[in-house]
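This note is written for a colleague who is meeting the structure for the first time. Please read the numbered points alongside the sequence and the model.

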Amino acid sequence: MLEEYKKKRDFSKTPEPSENKSQKLGQGLIYSIQEHHASHLHYDLRLEENGVLKSWAITKIPMNKQGIKRLAVQTEDHPLSYYNFEGEIPEGEYGAGTVHVWDLGTYILKEKKENLIKVEIKGKMLYGTFILVKLRSDPKNWLFFKS
Ligand code: MN
């Protein structure tokens, strides 16, 4: 599941984690959002599932307010140890730019279908029930919003 993650990175150059170490944040599964100042500022949503972090790049700052929909583009699975990664990905490397943790906590899976994921997020910036809905136009494109 991490082949794509590994293929995109040169771990002799990037400080990002290369190994998948198991992590536990109390009860619930890992949830985090990383603010990533790459060529375009975006917010990387991470949700633990089956030993990896499912990942989406959210194109605008997520809001803890009902009805504000954000485009979330699914990206490659990341190792669990990525959830709190902060640092500088060097110029010339995949995702070059600064990464900060924007929000961190846990989540509970409420519902999962092929085109819909409903989660209860327990973070500091985001908390409550959030929904990811897959768009028909492109299977990588989802909408993320508070329900
Ligand atoms: Mn990113």
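1. Tyr5 is a suitable place to begin: in this predicted model, its relative accessible area is 0%, so the residue counts as buried. Its ring pairs with that of Phe11, a residue that is partly exposed at a relative accessible area of 29%. The two ring centres are 6.0 Å apart and the planes meet at 35°, so the pair is classed as tilted. An angle under 30 degrees would have been needed for a stacked pair and one over 60 for an edge-to-face pair.

2. Tyr5 and Phe11 also belong to a wider group. Ring pairs join these two residues with Tyr82 and Phe85 in a cluster. Across the whole structure, the search returns six aromatic pairs.

3. How far apart are the ring centres of Phe130 and Phe144, and at what angle do their planes lie? The centres are separated by 5.2 Å and the planes by 15°, so this pair is stacked. Phe130 and Phe144 are both buried. Phe130 is part of strand β8 (residues 127–134), while Phe144 is part of strand β9 (residues 141–146); the pair therefore ties together parts that are 14 residues apart in sequence.

4. Strand β9 also holds Asn141. With a relative accessible area of 18%, Asn141 is buried, because the cut-off for that class is under 20%. Leaving aside residues up to four places away in sequence, Asn141 touches Leu71, Ala72 and Val73 as well as Val133, Lys134 and Leu135.

5. A charged side chain and an aromatic ring meet at Phe145. Lys69 is placed over the face of this ring, at 4.9 Å from the ring centre.

6. Which protein residues serve as donors of the manganese ion? They are His36 through ND1, His42 through NE2 and Asp44 through OD, at 2.1 to 2.3 Å from the ion. Along the chain, the donors follow the spacing H-x5-H-x1-D. The reader should bear in mind that the site may look incomplete, because water is not among the atoms.

7. Are the donors His36 and Asp44 buried or exposed? His36 has a relative accessible area of 8% and is buried. Asp44 is likewise buried, at 5%. Both values fall in the buried class because they are under 20%.

Terms used: Residues numbered from 1 in each chain as written. Predicted model: local features only at pLDDT ≥ 70, side-chain atom pairs only at ≥ 80, totals over all residues. Heavy atoms only, no water. Donors = N, O, S within 2.8 Å, 3.2 Å for Na, K, Ca; no water. Buried < 20%, exposed > 50% of the residue type's maximum accessible area, 1.4 Å probe, protein only. Phe/Tyr/Trp six-rings, centres within 6.5 Å; stacked < 30°, edge-to-face > 60°. Helix = DSSP H or I, 4+ residues; strand = E, 2+ residues; numbered from the N terminus. Lys NZ or Arg CZ within 6 Å of the ring centre and 35° of its normal. Contact = heavy atoms within 4.5 Å.
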